[in-house]
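Thanks for coming, everyone. Let me put the structure up, and then I'll walk through it piece by piece.

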Amino acid sequence: MPLSLLPAIAQRKAAPSRPNIIVILTDDMGYGDIGAYGGRFVPTPQIDRLAAGGLKFTQYYSGAPICSPSRASILTGMQPGKWNFTTFLDTQKHNKDAEQIDYLTPEAPSMARFFKNAGYATGHFGKWHMGGGRDVTNAPGFAQYGFDEHASTYESPEPDPAITATNWIWSEKDSIKRWDRTKYFVDKTLDFMKRHKGQPCFINLWPDDVHTPWVPKVETEYTGKFPMNPQEEAAFKRVLLEYDIQIGRLLDGLKALGLAENTIIIFTSDNGALPTFGGTRSGGLRGSKLSLYEGGIRMPFIASWPGHIPANKTDDRSELHATDLLQTLARLAEVKIPENYHGDGIDRSGILLGKPSLRKKEMFWEYGRNDVAYNYPKGNDRSPRLAVRSGEWKLLMDADGSKTELYNIVKDPAETTNLEAAEVKITKELSGKLVAWWQSLPKLNTH
């Protein structure tokens with residue numbers, strides 16, 4: 001019998017001693033948003049406190065420069081293109097135009113399901129965006145991916161009525177207001193852990209702050225009007241301030257429950273920032289959300305587990321990819337992965353435990369299969385549609401071999417100097433690998 005079908009109780013030995021796991025996936029947080037990564041928008045003392053108690057990575061990469069495929073890469077530990085995810089999920093027409101599916105098939109592997117089968121209580125609190133919303137009404141429910149409980153936004157198969165009073169992402173009619181959503185998800189997380197105190201918990205805490213529109217609280221109540229333009233920096237700062245406060249509430253809540261010492265916290269973002277306010281939210285990196293330049297895919301990443309993961313350290317050497325999280329966290333939690341699982345990530349538990357190492361496997365990305373659904377961003381942040389990182393080198397190109405760019409990403413993280421002509425051998429080798437990888441992905445016939 002495959003491990004995925006074993007009764008949960010069979011793998012539940014010494015369950016309470018296993019670490020709880022909380023994966024905090026911030027929505028559209030740029031590399032330069034928070035103080036621990038040099039951000040200067042507002043003080044972020046609580047997120048910085050998490051960094052001070054843990055290990056900070058400077059070379060972590062999301063699976064895609066936009067939400068839906070990047071989330072699928074974390075949940076499945078596989079390249080999102082293998083499940084026909086290429087951009088954000090929207091209406092059926094948009095998905096068809098983008099040459100992608102309407103939802104993640106429940107046949108795909110799921111980190112939550114693996115942990116559930118190993119005796120973990122599993123919860124998803126926050127944004128999903130891997131199926132459901134708009135005119136996609138047949139998306140599978142959370143239970144089919146291995147979640148015991150959930151509270152999610154409009155872009156999910158089972159939106160929470162408290163935050164979706166209308167058929168849209170948010171409205172002033174919601175009983176939980178837009179600015180209180182992260183608080184709501186943190187409360188759900190802590191309540192879930194309190195009720196499962198004798199059992200290890202695996203939780204996706206995926207708030208939809210700091211994604212636009214930024215709707216900060218105005219004194220004590222919402223007046224029915226935006227306090228400011230919801231795309232402006234002033235609104236962003238107030239939302240980021242509140243988000244930081246809620247991360248602090250999570251840390252304090254875990255301590256009050258006596259669970260702080262045995263909880264692994266991962267803090268990261270699904271993709272880059274947009275707008276970037278002149279690149280400042282990208283921390284000096286080129287690009288933004290929707291771009292395969294570093295500003296679209298290199299994310300803040302903090303890992304904390306008192307007594308196991310080193311405290312107040314920075315790892316500038318080790319590359320880490322979103323697809324690595326499944327195997328890495330499973331190893332740390334001693335969760336067995338089914339033998340028939342073949343992920344694209346690798347076990348990087350060693351670097352989380354303080355042993356830096358180079359990633360010996362290439363990282364690949366795609367964003368954009370046509371000019372209908374992928375005609376963004378504009379200008380200097382608009383990248384070629386495919387990318388590969390191999391050691392110190394990063395190559396970008398379009399699928400037809402055009403627009404080739406090569407950067408020494410260690411020496412030139414801002415991607416200012418294209419070395420394609422100077423490094424002919426490396427360009428040829430990496431472009432060959434990139435094309436072969438892209439051709440191996442399934443392509444949907446949507447026309």
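**Helix α5 and its partly exposed pair**

Start with Asp191. At 37% relative accessibility, Asp191 counts as partly exposed. Its salt-bridge partner is Arg195, with the closest N and O atoms 2.9 Å apart. Arg195 has a relative accessibility of 46%, so it too counts as partly exposed. Keep in mind that this is a predicted model.

Where do Arg195 and Asp191 lie? Both are in helix α5, 4 residues apart, about one turn of the helix. In general, an α-helix has 3.6 residues a turn, so residues three or four places apart point the same way.

Now the helix itself. α5 covers residues 181-195. Its 15 residues, at 1.5 Å a residue, should span 21 Å, and the end C-alpha atoms are indeed 21 Å apart, which agrees.

Which residues of α5 are buried? They are Arg181, Thr182, Tyr184, Phe185, Val186, Thr189, Leu190, Phe192 and Met193. What do they pack against? The list is β1, β3 (121-126), β4 (149-152), β5 (201-206), α6 and β6 (263-269).

**The nonpolar cores**

Next, the largest nonpolar core. This core has 90 residues. The members that touch the most other members are Ile24, Phe115, Phe202, Phe267, Phe301, Leu329 and Leu352. Which helix gives the most to this core? Helix α6, residues 233-256, with 9 residues.

Take Phe115 as an example. Setting aside residues up to four places away in sequence, Phe115 touches Ile21, Tyr120, Phe202, Leu329, Ala330, Ala333 and Val335. Apart from this core lies another, of 17 residues. Among its members are Tyr61, Ile66, Leu290 and Ala373.

**Helix α2**

On to α2, residues 67-76. How many of its residues are buried? The count is 10 of 10, so to speak a mostly covered helix. Among the buried residues are Cys67, Arg71, Ile74 and Leu75. The buried residues of α2 pack against β1, β2 (55-61), α4 (111-117), β5 and α8 (324-332). Just after the helix comes Gly77, with a positive phi of about 70°.

**Charges**

Back to charged side chains. The structure holds 31 salt bridges. One of them joins Asp28 and Lys289, at 2.8 Å, N to O. Asp28 is in the loop between β1 and α1 (45-52), and Lys289 is in the loop between β6 and α7, so the pair ties together parts that are 261 residues apart in sequence. Are these two residues buried or exposed? Both Asp28 and Lys289 are buried.

Another pair is Arg389 with Glu319, the closest N and O atoms being 3.5 Å apart. Arg389 sits in strand β11, residues 386-390, and Glu319 in the loop between β8 (313-315) and β9 (320-321), so this pair ties together parts that are 70 residues apart in sequence. Arg389 and Glu319 are both buried. There is also a network: salt bridges that share partners join Asp27, Arg71, Lys127 and Asp270.

Now a charge with no salt bridge. Arg18 lies in the segment before β1 (20-26). Arg18 is buried yet has no salt bridge. How far away is the nearest side chain of opposite charge? That side chain belongs to Glu334, and it is 5.2 Å away. A salt bridge needs the atoms within 4 Å. But look at the backbone of Glu334. Its oxygen lies 3.1 Å from a polar atom of the Arg18 side chain.

**Two buried loop residues**

Last stop, two loops. Leu285 is in the loop between β6 and α7 (294-297). With a relative accessible area of 10%, Leu285 is buried. Beyond its neighbours within four places in sequence, Leu285 is in contact with Tyr31, Glu294, Gly295, Arg298 and Pro413. Leu285 and Thr416 are 131 residues apart in sequence, and their C-alpha atoms are 9.7 Å apart.

Then Ile409. This residue is in the loop between β13 (405-408) and α10 (424-440). Ile409 is buried, with a relative accessible area of 2%. Its contacts, again leaving aside neighbours within four places, are Tyr61, Glu294, Arg298, Arg389, Glu392, Lys394 and Glu415. For a pair far apart, take Ile409 and His150: 259 residues apart along the chain, with C-alpha atoms separated by 39 Å.

That's the tour. Questions, please.

Terms used
Residues are numbered from 1 along each chain as its sequence is written. This is a predicted model: local features need pLDDT of at least 70, side-chain atom pairs count only at pLDDT 80 or more; totals for chains, interfaces and linings use all residues. Side-chain values use heavy atoms; hydrogens and water are left out. Buried means under 20% relative accessible area, exposed over 50%, partly exposed in between (1.4 Å probe, protein chains only). Lys and Arg count as positive and Asp and Glu as negative; His and the chain ends are not counted. A polar contact is a pair of N or O atoms within 3.5 Å; within protein, one must be able to donate a hydrogen and the other to accept it, and residues adjacent in sequence count only if both atoms are side-chain atoms. A nonpolar core is a set of buried Ala, Val, Leu, Ile, Met, Phe, Trp, Tyr and Cys residues joined through side-chain atoms within 4.5 Å. Contact means heavy atoms within 4.5 Å. The expected span of a helix is 1.5 Å times one less than its number of residues.
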